[in-house]
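Please open the model in your viewer and keep the selection tool at hand. The stops below each name what to select and then describe what is found there.

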Amino acid sequence: MAIDARYWRSAFQTGIERYILLLIEALGTVKNAVQVGVVVNSKERDLFPAASFPGLHLMSVATSRASLLTKSLEEFNPALVHYPFNLPLRFDRPSVYTLHDPGRYVHPEVMVRRGREVDNARLQDHLRNPLLRAVITVSNASRADI
């Protein structure tokens, strides 16, 4: 399994950064070992706490461009990619997405133009994509909103 952590930042730990670390930790407890790869931005590679997770395969990309992510994943060849923050333009592999806050989809009128006109339409398209295997929500309230 690969985790798209291109947006992970060491300078400030938001809920997304903490979520990624907890996800890696949880995958390490799975009875049948799961090989986990994480893709980070090259600037964060040396700052990512990979040593805390034995067996973690750390990959890096120079920018957050999806084409670089795709190329990096080709080498690792995961059976599943988890997107814990932002959806890609298209899926190349079976995927899981964690939607932390559905507010931007439920109340698009208060969001920036990109949220209203790009992200909402992208999510609707992706929900119909057979490569999207699951959408994880962080609460029952978020699940109900979606």
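**Stop 1: the largest pocket**

In this predicted model, the largest pocket has a lining of 14 residues. Select Ile24, Leu27, Gly28, Val34 and Pro54, which are the lining residues nearest the centre of that pocket. The space inside amounts to about 200 Å³. Colouring the lining by residue class gives 9 nonpolar, 4 polar and 1 charged.

**Stop 2: the second largest pocket**

Turn next to the second largest pocket, with a volume of about 150 Å³. To display its lining, select Ile16, Phe85, Asn86, Tyr97, Thr98, Leu99, His100, Asp101, Arg104, Arg114 and Asp119. By class, this lining divides into 4 nonpolar, 3 polar and 4 charged residues.

Which elements each supply at least two residues of this lining? They are strand 5 (95-99) and helix 4 (113-127). Strand 5 gives the most, with 3 residues.

**Stop 3: Ser142**

Keep His100 selected, as this residue of the second pocket's lining is also touched by Ser142. Now add Ser142 itself, which is found in helix 5 (residues 140-145). Is Ser142 buried or exposed? Ser142 has a relative accessible area of 8% and is therefore buried, the cut-off for that class being under 20%. Leaving aside residues up to four places away in sequence, Ser142 touches His100, Pro102 and Thr137.

**Stop 4: helix 2**

Select residues 66-76, which form helix 2. Within this helix, highlight the buried residues Leu69, Ser72, Leu73 and Phe76. Because these residues cover an arc of only 100° around the axis, they lie on the same side of helix 2. The spacing follows a general rule: an α-helix has 3.6 residues a turn, so residues three or four places apart point the same way.

What covers the buried residues of helix 2? Show strand 1 (2-5), strand 2 (37-41), strand 3 (57-61) and strand 4 (81-83), which are included in that cover.

Then rotate the view to the face turned away from the buried side of helix 2, and select Lys71, Glu74 and Glu75. These three residues are exposed.

**Stop 5: the residue after helix 2**

Finish the tour at Asn77, which follows helix 2. In the backbone of Asn77, phi is positive, near 55°.

How values were computed
Residues numbered from 1 in each chain as written. Predicted model: local features only at pLDDT ≥ 70, side-chain atom pairs only at ≥ 80, totals over all residues. Heavy atoms only, no water. Helix = DSSP H or I, 4+ residues; strand = E, 2+ residues; numbered from the N terminus. Buried < 20%, exposed > 50% of the residue type's maximum accessible area, 1.4 Å probe, protein only. Contact = heavy atoms within 4.5 Å. 1 Å grid on protein atoms, 1.4 Å probe; cavity = no way out; pocket = protein on both sides within 12 Å on 5 of 7 lines; lining within 4 Å. Points joined across faces, edges and corners; volume = space filled by probe spheres on them. Nonpolar A, V, L, I, M, F, W, Y, C, P; charged D, E, K, R; others polar. Arc of directions from axis to C-beta.
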